[in-house]
Amino acid sequence: MSHAKSREAMTTIGIVCGYDDLHTLRGYMSHLAPEIDSAAPTVVVLSGSVTSPDANASEAEVMADLLAELLPGQPSLIEDQAMTTLENLVNSKALAQRTFGRVERWIVFCDATHRTKVSVLARLILGPRVRIISVPRRARFYKRIVEPVLLVVEAIIALVPRLQPAFRLAAVRWRGVTHLSSRA
């Protein structure tokens, strides 16, 4: 197989982590669209559940609509169950592998506030050669304060997967969307 052919066959998956403020997703996706276009993944997995009791759609669905508007023709998949950054990565990896089998490269797109946590978790879940691309996004002060704590908690849970269901339940309850607690 020639070098050009092997590059064409390479499956690169982009994962876009959603965040629980649906009102800022347009700006977030506007910043991400040029990065996604430049990275040229085979497909983008848009990841995020319904994370607000007032929401009518999941983060992933909202981001998919915005991506279709901003980058028409960019192939995407929706992963609409993730309540946490850890679940964004675990669920997106599972969906991509079910869809494509082997994935050669991973690119994770996130906001700058979550970059450190995403970098650590992505390496634990996707491997050491994952690429992280972050963009600016306004985040509430308390979110910036809790990120280091959540990084430690989610890293431990990544290493001890049997803790994931309890962490999911806690995240669902924290966000007040208890109707999702039985979904996986």
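This passage looks at one strand pairing and two helix packings in a predicted model. Local features need pLDDT of at least 70 and side-chain atom pairs count only at pLDDT 80 or more, while totals for chains, interfaces and linings use all residues. Residues are numbered from 1 along each chain as its sequence is written, and side-chain values use heavy atoms, with hydrogens and water left out.

Strand 4 (residues 105-111) runs parallel to strand 5 (residues 131-135), the two pairing over five bridges. Helices (H or I, at least four residues) and strands (E, at least two) are DSSP runs numbered from the N terminus, and pairing takes at least two DSSP bridges. Phenylalanine 109 has isoleucine 133 of strand 5 as its bridge partner. Between the strands the chain passes through helix 5 (residues 115-126), giving a right-handed β-α-β crossover (clockwise from the first strand over the helix to the second, with the strands pointing away from the viewer).

Helix 5 also packs on helix 6 (residues 141-159): their axes come within 9 Å and cross at roughly 5°. Axes are lines fitted to C-alpha atoms, for helices over the stretch in contact, with angles from 0 to 180 degrees between N-to-C directions. The two helices are therefore roughly parallel (angles under 35 degrees; over 145 is roughly antiparallel, 65 to 115 roughly perpendicular, the rest oblique).

Helix 2 (residues 25-39) and helix 3 (residues 59-70) sit with axes 10 Å apart at an angle of about 55°, and are therefore oblique to each other. Contacts (heavy atoms within 4.5 Å) include Leu25 and Tyr28 of helix 2 and Val62 and Leu66 of helix 3.
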